Amino acid sequence: MSRLAVIGTGVIGNGWIARALAQGWDVVAFDPDPQAPARTQSFIDNAWASLTQLGLAPDASPERLTFADTIEKAVDGADLIQENVPERLPLKQEILAAIDAAAAPDVIIGSSTSGFKPTDLQQQCQKAPGRVIVAHPFNPVYLLPLVELVGGESTQTAQIATAQKLYQALAMRPLVVRREIEGHIADRLMEALWREALHLVNDGVATTEEIDAAVVYGCGLRWPLMGTFLTFHLAGGEPGMRHMLEQFGPALKLPWTKLEAPELTDELIDKVVAGCEHQAAGRSVATLDRRRDDFLVELLEVVQKYWPEAEGLEGRI
Ligand SMILES: NC(=O)c1ccc[n+]([C@@H]2O[C@H](COP(=O)([O-])OP(=O)(O)OC[C@H]3O[C@@H](n4cnc5c(N)ncnc54)[C@H](O)[C@@H]3O)[C@@H](O)[C@H]2O)c1
């Protein structure tokens with residue numbers, strides 16, 4: 001039986017809890033917010049339907065979760081520790097130092113950070129800083145399989161290899177990022193798209209709904225299967241990527257995209273928020289979460305059907 005310690009139980013921490021419970025792990029959580037246990041309970045109640053559809057481990061049970069009242073108690077005896085406190089570097093450094101001081105030196109401590117580099121996260125850790133790595137998941141963590149693993153300056157290859165095995169045991173697909181950079185890989189890609197989308201709204205070219213339609217019915221529909229590069233390889237016809245680059249390469253110099261984010265003025269914020277509320281059409285985030293989860297469960301099966309040879313990420317990269 002394996003045990004996960006989860007520090008910080010917001011959207012992402014709760015996602016880790018639900019995933020680990022579904023895989024039959026014990027979970028011990030810590031969060032200073034007195035409302036946290038109740039919030040986690042209703043989060044698990046909601047996630048369990050999708051997890052059951054995907055298939056639970058034989059001994060999986062929501063009963064395997066307990067809350068501890070200190071970080072020290074939460075990490076005691078853990079096989080893996082996942083930190084999910086708010087995205088502020090000084091806070092993360094302080095919490096990771098406390099976790100590092102309390103945990104046995106060979107236990108991997110993964111941070112869910114969306115953008116910080118592991119070497120910066122390790123700064124205040126005294127005991128075994130190399131085992132503090134980035135383990136960046138995607139929302140909803142209990143359904144999306146990717147976790148980006150990034151080691152810092154003092155991380156050994158063996159520690160990343162250990163982390164790979166642990167996250168695989170949580171039914172994830174670890175992607176080891178070769179070099180630490182802010183935003184890792186996927187968030188860099190998502191932010192580039194996000195900046196351009198904000199420009200298009202700001203310049204009055206499109207509404208939030210129109211931009212989402214362009215993604216949902218156009219470019220995005222292919223991405224679950226092939227991603228950016230293989231999609232463009234097919235766009236070059238029989239000669240593939242070489243022809244695609246000859247044909248569309250010159251457009252890269254125009255350039256179509258702005259790269260720098262627009263200023264988040266009150267006007268832009270109001271436009272984006274009103275646009276999203278219009279799209280939600282009175283449906284709560286919980287209702288939309290449910291719809292997304294049902295969709296993702298089916299989509300994961302479809303992806304598996306079309307990449308049957310892909311046992312792990314190696315099968316696709
Ligand atoms: N939301 C996303 O889509 C997403 C995706 C991937 C990674 N992340 C990363 O995950 C991390 C958490 O993000 P989130 O969206 O879950 O945030 P959140 O605000 O939903 O949750 C943060 C939780 O941390 C708790 N917390 C605050 N101070 C704490 C402390 N001292 N000790 C323990 N817990 C404490 C809060 O009570 C809260 O429950 C961030 O680093 C973020 O970058 C977020």
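A polar side-chain atom of arginine 39 sits 3.1 Å from an oxygen atom of the ligand, a pair that falls inside the cut-off for a polar contact (N or O atoms within 3.5 Å; within protein, one must be able to donate a hydrogen and the other to accept it, and residues adjacent in sequence count only if both atoms are side-chain atoms). With the protein in place, 74% of the 840 Å² of accessible area that the ligand has on its own is covered; such areas come from the Shrake-Rupley method with a 1.4 Å probe, and for residues only the protein chains shown count as cover.

A word on the model: it is predicted, so local features need pLDDT of at least 70 and side-chain atom pairs count only at pLDDT 80 or more, while totals for chains, interfaces and linings use all residues. Residues are numbered from 1 along each chain as its sequence is written, and side-chain values use heavy atoms, with hydrogens and water left out.

## Around the ligand

Backbone atoms take part here too. A polar backbone atom of isoleucine 12 is 2.9 Å from an oxygen atom of the ligand, and for glycine 10 the corresponding distance from a polar backbone atom to a ligand oxygen is 3.4 Å.

The shell consists of 23 residues, and the closest are Ile12, Asp31, Glu87, Lys92 and Ser114. A residue belongs to this shell if one of its heavy atoms lies within 4 Å of the ligand. Sorted by class, the shell holds nine nonpolar, nine polar and five charged residues. In this sorting, Ala, Val, Leu, Ile, Met, Phe, Trp, Tyr, Cys and Pro are nonpolar, Asp, Glu, Lys and Arg are charged, and the others, Gly among them, are polar.

Helices α1 (11-22) and α4 (89-102) each supply at least two residues of that shell. Helices (H or I, at least four residues) and strands (E, at least two) are DSSP runs, numbered from the N terminus.

Helix α4 also contains alanine 101. At 54% relative accessibility, alanine 101 counts as exposed. Its C-alpha is 37 Å from that of leucine 54, and the two are 47 residues apart in sequence.

## Two domains

The domain assignment of the protein gives domain 1 (3-176) and domain 2 (186-282); such bounds come from an automatic or database domain assignment. The C-alpha centres of the two domains are 31 Å apart.

Is alanine 78, in the loop between α3 and β4, buried or exposed? With a relative accessibility of 7%, alanine 78 is buried; the classes are buried under 20% relative accessible area, exposed over 50% and partly exposed in between (1.4 Å probe, protein chains only). Not counting residues up to four places away in sequence, alanine 78 touches Arg3, Ala5 and Val107, where contact means heavy atoms within 4.5 Å. Alanine 78 and phenylalanine 229 are 151 residues apart along the chain, with 39 Å between their C-alpha atoms.

Threonine 208 lies in helix α8 (residues 208-235) and is buried, with a relative accessible area of 11%. Leaving aside its neighbours within four places in sequence, threonine 208 is in contact with Val201, Lys271, Val272, Gly275, Cys276 and Gln279.

Alanine 161 is in helix α6 (residues 157-169) and is partly exposed, with a relative accessible area of 31%. The C-alpha atoms of alanine 161 and valine 176 are 9.3 Å apart, and 15 residues separate the pair along the chain.

## Backbone details worth a look

Here are the backbone angles to check in your viewer.

| Place | Feature | Angle |
|---|---|---|
| Asparagine 139 to proline 140 | cis peptide bond | omega about 0° |
| Leucine 254 to proline 255 | cis peptide bond | omega near -25° |
| Leucine 259 | positive phi | phi near 65° |
| Alanine 281 | positive phi | phi about 50° |

Proline 140 is found in the loop between β6 (132-136) and β7 (146-150). Proline 255 belongs to the loop between α9 (241-248) and α10 (266-280), and leucine 259 is likewise in the loop between α9 and α10. Leucine 259 is exposed at 57% relative accessibility. Alanine 281 lies in the loop between α10 and α11 (285-306) and is exposed too, with a relative accessible area of 53%. Neither leucine 259 nor alanine 281 is a glycine.
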